[in-house]
Amino acid sequence: MAERGRPRSFDREAALRGAMELFWTHGYEGTSIADLAALMGIRVASLYAAFGSKEELFRESVQLYSRTVMRSAAESFAAEPCARSAVERWLRLSAEVFTDPETPSGCLVTLSAMTTSAKNDPVRTFLTDVRRQMQAGIGARLDRARLGGELPETVDTAALAGYYMTVVLGMAIQARDGVGTVALELAIDCAMAAWDRLAEPIPH
C-alpha cells in the first residue's frame, strides 16, 4: 500500500538524487524540508516517512555523491599503478566534476556545511570525518608507495597527503567562485610540478 500522501509513482532514488543536487547547490542549512518536499512532489510527512529526517536524507545524499558523482575519480585513484599518477588522475577528474555544467559547481562534501549553527554541528562533524577519511586514503596509498620503494623512506607521507587534499579542497572553492576547468588544470600542473620536490628524502 502506498505511503499516505506519497504519490504511487514516487521514485526514491530519483528523489534522493534531486535532494543531493539541492544540498550541493544551497548547502545543508540553505536547504529546507519544504524545499526538499516540493522538489520531490510529496508532503513533508511523506518525506520523513521515506528518509527519516533532514539529517538522514543529507547523509544518504553524501553517500550517493560518493558512489556516483565521485566514483570515477575514486576508482581511478585506486587503479593507477603508481602513486604520482594516482594523485594526478584524482585531481584532474575532481576538477572535471567540480566544473561540470550539468551539475552544481564545486564539491558537495567540501561546501555544503563548512559553517553551521550549533544545532547542526553533527552534520559539520560528519563531513569533517568524510574529508579526513579521504585524506587518510591518500596517505595510505602514499605509505604503500614508500614501502614499495616508489618514494624514499624518509618522505613525510602525511604531509604530502595533506598538501594534495588542500589542493582539491581549494579547487572546490575556486570552482564555486566560477573558476573554469582550464584554470584548475593549470593549478594541477603546478601541484604536480611540486611532487618531485615534496617527495624528496628528508635530510637527516
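## The nonpolar core

The largest nonpolar core in this structure holds 63 residues, and Y65, L91 and W195 have the most contacts inside it. Please keep in mind that the model is a predicted one. As general background, nonpolar side chains in soluble globular proteins tend to be buried together.

What does L91 touch once residues up to four places away in sequence are left out? The list is Y164, V167, V168, M171, I188 and M192.

## The largest pocket

Let us turn to the open space. The largest pocket has a volume of about 410 Å³. It is lined by 20 residues, and those closest to its centre are S66, M70, A74, W90 and M134.

Several helices share the work of lining this pocket: α4, α5 (71–79), α6, α7 (108–111), α8 and α9 (157–176) each supply at least two residues. Helix α8 gives the largest share, five residues. In character, the lining divides into 15 nonpolar residues, five polar ones and no charged ones.

## A salt bridge between two helices

Now for the charged side chains. The salt bridges come to eleven in number. In one of them, E60 pairs with R12, and their closest N and O atoms are 2.8 Å apart. E60 belongs to helix α4 (residues 54–69) and R12 to helix α1 (residues 12–26), so this pair ties together parts that are 48 residues apart in sequence.

Are the two partners buried, exposed or something in between? E60 is partly exposed, with a relative accessible area of 22%, and R12 also counts as partly exposed, at 33% relative accessibility.

## Within helix α6, and a network

Another salt bridge joins E88 to R84, with 3.4 Å between the closest N and O atoms. These two residues sit four residues apart in helix α6 (residues 83–98), which means that about one helical turn separates them. E88 is partly exposed at 22% relative accessibility, and R84 is partly exposed as well, with a relative accessible area of 28%.

Which residues are linked with R84 and E88 in a network of salt bridges? The other members are R92, E185 and D189.

## R124 and its surroundings

Helix α8 came up as a contributor to the pocket lining, and R124 has its place in this helix too. The side chain of R124 meets that of D121 in a salt bridge, at 3.5 Å from N to O. D121 and R124 are three residues apart in helix α8 (residues 121–147), so they are separated by about one helical turn. Both ends of this bridge are partly exposed: D121 has a relative accessibility of 28%, and R124 has one of 29%.

R124 also reaches beyond its own stretch of sequence. Leaving aside neighbours within four places in sequence, R124 is in contact with A113, M114 and T116. M114 lies ten residues from R124 along the chain, and the C-alpha atoms of the two are separated by 6.5 Å.

Technical notes: Residues are numbered from 1 along each chain as its sequence is written. This is a predicted model: local features need pLDDT of at least 70, side-chain atom pairs count only at pLDDT 80 or more; totals for chains, interfaces and linings use all residues. Side-chain values use heavy atoms; hydrogens and water are left out. A salt bridge is a side-chain nitrogen of Lys or Arg within 4 Å of a carboxyl oxygen of Asp or Glu. Buried means under 20% relative accessible area, exposed over 50%, partly exposed in between (1.4 Å probe, protein chains only). On a 1 Å grid over the protein atoms alone, a cavity is a set of points where a 1.4 Å probe fits but cannot get out, and a pocket is an open set with protein on both sides within 12 Å along at least five of seven lines; lining residues have an atom within 4 Å of a point. Grid points are joined across faces, edges and corners, and a volume is the space filled by probe spheres set on the points. Ala, Val, Leu, Ile, Met, Phe, Trp, Tyr, Cys and Pro count as nonpolar, Asp, Glu, Lys and Arg as charged, and the others, Gly among them, as polar. Contact means heavy atoms within 4.5 Å. A nonpolar core is a set of buried Ala, Val, Leu, Ile, Met, Phe, Trp, Tyr and Cys residues joined through side-chain atoms within 4.5 Å.
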